[in-house]
Amino acid sequence: MVDHTERSIVINADAADIMAVIADFEHYPDWVSAAREVSVTESGTDGRATEVRFVLDAGVLQDTYVLTYDWDADGRGVSWRLVSSDLQRDQRGRYVVVQQVPGSTKVTYELMVDLLVPMIGQLKRRAEKAITEAALNDLKKRVEG
């Protein structure tokens, strides 16, 4: 991914448990503060979501968008890209989970967002950093909680 933001965190859980939370889109509104509605619109033959619709309300930013998902065959990661959005021109992201020892897993989140409204690069990086940090912290709380 060109020109993206990347952050990592260690979560006290096994990789499979973390991936299960990441894949449980219907429950995102329970732990992702800006997610008002999340619905799986398409699933693969393995039952995993391949397309998901989000209704986001982050105060001044409100968006409805659809992402398509590609799950790693080894179950250790997932990537996505934007299909449609009210505010975004492009979005690409990826979670990678690497189990370090039993009960301890490093989770890396990569994100690139391009809004329809022009934004200075430094502000864009700052927004991506805030999104990735909040997402990782919320994921950690959900998995460990």
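This briefing covers the nonpolar core, the third helix, a surface patch and the salt bridges. The model is predicted. Its largest nonpolar core has 33 residues, with Tyr95 and Leu139 touching the most other members. Eight salt bridges are counted.

**Nonpolar core**

- Helix 1, residues 15-23, gives this core its largest share, five residues.
- Leu139 is in contact with Ile11, Ile18, Val21, Ile22, Trp31, Tyr95 and Val107, leaving aside neighbours within four places in sequence.
- Leu139 is itself one of the buried residues of helix 3.
- Tyr95 thus appears twice here: it is among the contacts of Leu139, and with Leu139 it touches the most other core members.

**Met19 in helix 1**

- Met19 lies in helix 1.
- Met19 has a relative accessible area of 6%, so it is buried, the cut-off being under 20%.
- Not counting residues up to four places away in sequence, Met19 touches Trp71, Gly75, Arg76, Gly77, Val78 and Val97.
- Met19 and Tyr95 are 76 residues apart along the chain, yet their C-alpha atoms are separated by 8.9 Å.

**Helix 3**

- Helix 3 runs over residues 121-144 and has 24 residues.
- At 1.5 Å a residue it should span 34 Å, and its end C-alpha atoms are 34 Å apart, so the expected and modelled values agree.
- Its buried residues are Lys124, Glu128, Thr132, Ala135, Leu136, Asp138, Leu139 and Val143.
- The cover over these buried residues includes helix 1, helix 2 (28-31) and three strands: strand 1 (5-11), strand 6 (88-101) and strand 7 (104-115).
- Gly121 lies in helix 3 and counts as partly exposed, at 43% relative accessibility.
- Gly121 and Asp3 are 118 residues apart in sequence, but 9.8 Å apart in space, C-alpha to C-alpha.

**Surface patch**

- Met119, Ile120 and Leu123 make a nonpolar surface patch of about 290 Å².
- Met119 sits in the loop between strand 7 and helix 3.
- Met119 has 39% relative accessibility and counts as partly exposed, because that value falls between the 20% and 50% cut-offs.

**Salt bridges**

- Side chains of opposite charge can pair when their charged atoms come close.
- Asp57 forms a salt bridge with Arg36, with the closest N and O atoms 3.9 Å apart.
- Asp57 lies in strand 3 (residues 49-58) and Arg36 in strand 2 (residues 35-43), so this pair ties together parts that are 21 residues apart in sequence.
- Both partners count as partly exposed: Asp57 at 26% relative accessibility, Arg36 at 46%.
- Arg92 and Asp90 meet through their side chains in another salt bridge, at 3.2 Å from N to O.
- Arg92 counts as partly exposed at 38% relative accessibility, whereas Asp90 counts as buried at 18%.
- Lys140 and Glu144 form a salt bridge at 2.9 Å, N to O.
- Lys140 and Glu144 both lie in helix 3, four residues apart, which is about one turn of the helix.
- Lys140 has 22% relative accessibility and counts as partly exposed, as does Glu144 at 35%.
- Arg7, Lys129 and Glu133 are linked in a network of salt bridges.

Conventions: Residues are numbered from 1 along each chain as its sequence is written. This is a predicted model: local features need pLDDT of at least 70, side-chain atom pairs count only at pLDDT 80 or more; totals for chains, interfaces and linings use all residues. Side-chain values use heavy atoms; hydrogens and water are left out. A nonpolar core is a set of buried Ala, Val, Leu, Ile, Met, Phe, Trp, Tyr and Cys residues joined through side-chain atoms within 4.5 Å. Buried means under 20% relative accessible area, exposed over 50%, partly exposed in between (1.4 Å probe, protein chains only). Helices (H or I, at least four residues) and strands (E, at least two) are DSSP runs, numbered from the N terminus. Contact means heavy atoms within 4.5 Å. The expected span of a helix is 1.5 Å times one less than its number of residues. Patches are made of residues with over 30% relative accessible area and no salt bridge: like charges are joined within 9 Å, nonpolar side chains (Val, Leu, Ile, Met, Phe, Trp, Tyr) within 5 Å. Accessible areas come from the Shrake-Rupley method with a 1.4 Å probe; for residues, only the protein chains shown count as cover. A salt bridge is a side-chain nitrogen of Lys or Arg within 4 Å of a carboxyl oxygen of Asp or Glu.
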